[in-house]
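Hi everyone, thanks for coming. I'd like to walk you through a small set of things I found while looking at this one, so please have it up on your screens.

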Amino acid sequence: MARVISSDCIMCGACEGECPVGCISAGDSQYQINADECIDCGACEGACPTGAISEG
């Protein structure tokens, strides 16, 4: 199951650079994870300073 980003996202971009498969991109008000590409490794979750990323 892919990780998800909540509305706690502050658009800092820390997660995007940590994703080994490049499935995170900036949306209108927060970053988004492409569920079809996410390998559920958790690298992004550890990089998020607000804890906005969790298991979906």
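**A walk through the fold**

Let's start with how the chain holds on to itself. Of the contacts in the protein with a separation of 6 or more, 55% are between residues 24 or more positions apart. Keep in mind that what you're seeing is a predicted model.

So what are the pieces? We've got two helices and four strands. Reading from the N terminus, the order is β-α-β-β-α-β. The radius of gyration is 10 Å, close to the 10 Å that the globule rule gives for 56 residues, so the protein is as compact as a globular protein of that length. If you lay the C-alpha trace along its principal axes, the span is about 25 × 20 × 20 Å.

Now, inside and outside. Buried residues account for 32% of the 56. On the outside, the protein exposes about 3300 Å², and carbon and sulfur atoms supply 43% of that.

Okay, the core. In soluble globular proteins, nonpolar side chains tend to be buried together. Here, the largest nonpolar core has 14 residues. Which of its members touch the most other members? Those are Ile5, Cys15, Ile24, Ile33 and Ile53.

Let me take two of those. Ile24 has a list of partners that, leaving out residues up to four places away in sequence, includes Ile5, Cys15, Ile33 and Cys44. Tyr31 and Gln32 also touch Ile24, as do Glu16 and Cys19.

Then there's Cys15, which you'll find in helix 1, residues 14-18. Is Cys15 buried or exposed? Cys15 has a relative accessible area of 7%, so it counts as buried. Setting aside residues up to four places away in sequence, Cys15 touches Ile5, Ile24, Tyr31, Cys44, Ala47 and Ile53. For a sense of distance, Cys15 and Ser29 are 14 residues apart in sequence, and their C-alpha atoms are 15 Å apart. Compare that with Ala52 and Cys15: they're 37 residues apart along the chain, with 10.0 Å between the C-alpha atoms.

And where does Ala52 sit? Look in the loop between helix 2 (43-47) and strand 4 (53-55). Ala52 is in a loop, and its relative accessibility is 2%, so it counts as buried. What does Ala52 touch? Not counting residues up to four places away in sequence, the partners are Val4, Ile5, Ser6, Asp8 and Cys9.

Another loop residue to click on is Gln30, between strand 2 (24-26) and strand 3 (31-33). A polar atom of the Gln30 side chain lies 2.9 Å from the backbone oxygen of Ile5. Again leaving out residues up to four places away in sequence, Gln30 touches Ile5, Ser6, Ser7, Cys9 and Met11.

Last stop, Arg3, over in strand 1, residues 3-5. How accessible is Arg3? The relative accessible area is 10%, so Arg3 is buried. Its side chain makes a polar contact of 2.7 Å with the side chain of Asp40. Beyond residues up to four places away in sequence, Arg3 touches a whole list, among them Ile33, Cys38, Asp40, Cys41 and Cys44. Further along the chain, that list also includes Ile53, Ser54, Glu55 and Gly56.

That's my tour, so over to you for questions.

Definitions and conventions: Residues are numbered from 1 along each chain as its sequence is written. This is a predicted model: local features need pLDDT of at least 70, side-chain atom pairs count only at pLDDT 80 or more; totals for chains, interfaces and linings use all residues. Side-chain values use heavy atoms; hydrogens and water are left out. The radius of gyration is taken over C-alpha atoms; the globule rule is 2.2 Å times the number of residues to the power 0.38. Buried means under 20% relative accessible area, exposed over 50%, partly exposed in between (1.4 Å probe, protein chains only). Contact means heavy atoms within 4.5 Å. Accessible areas come from the Shrake-Rupley method with a 1.4 Å probe; for residues, only the protein chains shown count as cover. A nonpolar core is a set of buried Ala, Val, Leu, Ile, Met, Phe, Trp, Tyr and Cys residues joined through side-chain atoms within 4.5 Å. A polar contact is a pair of N or O atoms within 3.5 Å; within protein, one must be able to donate a hydrogen and the other to accept it, and residues adjacent in sequence count only if both atoms are side-chain atoms.
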